[in-house]
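Work through the exercises below with the sequence and the structure open. Try each task before reading its solution.

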Amino acid sequence: MTDAHALTLFNSLTRQLEPFQPVHEGEARVYSCGPTVYNYPHIGNMRAYVFADILGRTLSHKGYRLTHVINITDVGHLTDDADAGEDKMEKMAAEKAQSIWDIARHYTEAYWADIAALNIRQPAQWSVATEYVPQMIEFAKQIADKHCYEIDSGLYFDVSTVADYGRLARAVTEEGEGRIEAVDGKRNAADFAIWRKTPAGEKRQMEWDSPWGPGAPGWHLECSVMSGKLLGFPFDIHTGGIDHREIHHPNEIAQNQAFCCTNGLDIPANSGARVWMHNNFLVERSGKMSKSSGEFLRLQLLIDRGYHPLAYRMMCLQAHYRSELEFSWDGLGAALTRLKRMIMAAERLADVEAGAPSHPKLAAMIETFEKAMSEDLNTPVALTALEDVLAAKKVDPAAKRAVVEAMDAVLGLGLFGTSRADLRLRPKNAVISEAEIEAALAARKEARAAKDFAASDALRDELAAKGVEAMDGDPLGWEWKLG
């Protein structure tokens, strides 16, 4: 496939679409805000990494040499996104009566398992916050004299010392101000902690010595240090969920401005990254998205209900990353059905060796796909183009396979590495085994051969009552009927 379309991306800092112009010729350097590993990620969290994966795959497809960094926050993130409350990691360790290091390891591995299940490519590097604390202290020392002040609770950044603070969020909104709780001694409401001192008489599981006393780095400091160390300022693209646009990312930008001695944000690169990109929320009306709700919506819950993780990836791709996406079980089921149909079509090309992707009938579909992905990652349109290729008649199978492979490399649905049988996950509450299903289908086949249709129908209804759909004439034979 050839692509004549220049990549344009929506920059949250300028609030407009812009052509992608790499800082370093032929390279794309991307930093994505990763999880705070105090609990399992919910599926809304995972939408951010599906989006970042699509961005990375598109940059690779465009021929850029991609360096993608995702951080692991294992210290410093408070229960409030600003500067109030307990450290999320310390709080969970106390609740579980476990070492904070064990908590971090367990939930990091759980997050990585979700990354693999969603067919998200591994980044060039995972950056773990606790491995960069010495660099964080050095960063803070370099900006402290001009931009920070010390009070009893720690070292704070004075946001009035940098130009255009809050421009990413279009100034701190009333809603944003509501999330910034008062801290005794702060000069400005929006000032934030660079270093949080351990209170007198206390001992944290995670604390380090610093010029400002023992304590831990602020959450915002971590991302500035790791992105700058691993990608260099300015780098190309910084991604995250839209919730980071109001406080976390403006605070990162302020730190970057201070460290790099840059001026206002009329020049976007002064922020530390040329482009800031944010995916919108996944909305779930029952309130089960919040981790405080107990059994919140995490990927394993979808699997336990019998939905393959790639159905959730499909669901994410069906909406533009900047649009809200409403979650429902019916919507997830429809996404699974759509994925099954695409995999069925791809299976018909399973034994075909990919050849030259040129074919007159495919040209318009390729054009649609390339234009869609080039225009700010329009995955809904790109998905339709891929389906059109899969459905195309009287087309050289080798050319067709080549085009499908190229498109799927961008969308990451794993069409040639996943079978329909792979999508047939056993729901956790299923009351019948696969061996029992096969035995019932064999008995039904005998009944049909004997023209005992009453017995055949009874067996079909018995299977349906246990969540199994018998599929006459289909080589797969049966699927779980999710309801």
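**Exercise 1. Helix α9**

Task: Find how many of the 9 residues of α9 are buried in this predicted model.

Solution:
- Step 1. Apply the cut-off: a residue is buried when its relative accessible area is under 20%.
- Step 2. Check the helix residue by residue. Pro309, Leu310, Ala311, Tyr312, Arg313, Met314, Met315, Cys316 and Leu317 are the buried residues of α9.
- Step 3. Count. The result is 9 of the 9 residues, so α9 is largely enclosed by the rest of the structure.

**Exercise 2. The largest cavity**

Task: Say which helix gives the most to the lining of the largest cavity.

Solution:
- Step 1. Search the whole structure. It holds 5 cavities of 30 Å³ or more. The largest contains about 90 Å³ of space.
- Step 2. List the lining of the largest cavity. Among its residues are Arg47, Val50, Phe51, Ile54, Cys316, Leu317 and Tyr321.
- Step 3. Assign residues to helices. α1 (43-61) and α9 (309-317) each supply at least two residues of this lining.
- Step 4. Pick the main contributor. α1 gives the most, with 4 residues.

**Exercise 3. The parallel sheet**

Task: Work out which strands stand at the edges of the sheet β5-β4-β3-β10-β11, and why one side of each is left without a neighbour.

Solution:
- Step 1. Note the layout. These 5 strands form an open sheet with parallel pairing.
- Step 2. Look for strands with a single partner. They are β5 (125-128) and β11 (273-279), so each has one side without a neighbour in the sheet.
- Step 3. Add the twist. From one strand to the next it averages 25°.
- Step 4. Inspect one pairing. Strands β3 (residues 27-32) and β10 (residues 235-241) run parallel and are joined by 3 bridges. Ser32 stands opposite Thr239 in β10.
- Step 5. Place the helices. α1 lies across β3, β4, β10 and β11, and runs at about 135° to β11. Helix α3 (residues 100-117) also packs on the sheet, where it touches β4 and β5. The direction of α3 makes about 145° with that of β4.

**Exercise 4. His238**

Task: Decide whether His238 is buried or exposed, and find the side chain that joins it in a polar contact.

Solution:
- Step 1. Locate the residue. His238 lies in strand β10.
- Step 2. Read its accessibility. The value is 0%, so His238 counts as buried.
- Step 3. Find the partner. The side chains of His238 and Glu252 form a polar contact of 2.9 Å.
- Step 4. Survey the surroundings. Leaving out residues up to four places away in sequence, His238 touches several residues, including Tyr31, Cys33, His249 and Trp276.

**Exercise 5. The antiparallel sheet**

Task: Describe the sheet β6-β7-β8-β9 and what packs on it.

Solution:
- Step 1. Note the layout. The 4 strands form an open sheet, and the pairing is antiparallel.
- Step 2. Find the edges. β6 (148-151) and β9 (215-217) each have a single partner strand, so one side of each lacks a neighbour in the sheet.
- Step 3. Add the twist. Neighbouring strands are turned by 25° against each other on average, direction ignored.
- Step 4. Inspect one pairing. 4 bridges join β7 (residues 154-157) to β8 (residues 192-197). Leu155 stands opposite Trp195 in β8.
- Step 5. Place the helices. Helix α4 (residues 133-147) packs on the sheet and touches β6, β7, β8 and β9. Helix α7 (residues 248-260) lies across β7 and β8, at about 85° to β8.

**Exercise 6. Asp87**

Task: Determine which backbone nitrogen the side chain of Asp87 reaches.

Solution:
- Step 1. Locate the residue. Asp87 sits in the loop between β4 (65-72) and α2 (88-96).
- Step 2. Read its accessibility. At 6%, Asp87 counts as buried.
- Step 3. Follow the side chain. It reaches the backbone nitrogen of Met89 at 2.7 Å.
- Step 4. Compare sequence with space. Asp87 and Trp219 are 132 residues apart in sequence, with their C-alpha atoms 9.7 Å apart.

**Exercise 7. Backbone exceptions**

Task: Find which residues a cis peptide bond joins, and give the sign of phi at Arg15.

Solution:
- Step 1. Recall the usual case. Most residues other than glycine have a negative phi, and most peptide bonds are trans.
- Step 2. Locate the cis bond. It joins Phe233 and Pro234, with omega about -15°. Pro234 is in the loop between α6 (219-231) and β10.
- Step 3. Check phi. Arg15 has a positive value, near 60°. Arg15 is in the loop between β1 (8-11) and β2 (16-19).

Note on methods
Residues are numbered from 1 along each chain as its sequence is written. This is a predicted model: local features need pLDDT of at least 70, side-chain atom pairs count only at pLDDT 80 or more; totals for chains, interfaces and linings use all residues. Side-chain values use heavy atoms; hydrogens and water are left out. Buried means under 20% relative accessible area, exposed over 50%, partly exposed in between (1.4 Å probe, protein chains only). A polar contact is a pair of N or O atoms within 3.5 Å; within protein, one must be able to donate a hydrogen and the other to accept it, and residues adjacent in sequence count only if both atoms are side-chain atoms. Two strands pair if DSSP finds at least two bridges between them. Axes are lines fitted to C-alpha atoms, for helices over the stretch in contact, and angles run from 0 to 180 degrees between N-to-C directions. Contact means heavy atoms within 4.5 Å. On a 1 Å grid over the protein atoms alone, a cavity is a set of points where a 1.4 Å probe fits but cannot get out, and a pocket is an open set with protein on both sides within 12 Å along at least five of seven lines; lining residues have an atom within 4 Å of a point. Grid points are joined across faces, edges and corners, and a volume is the space filled by probe spheres set on the points.
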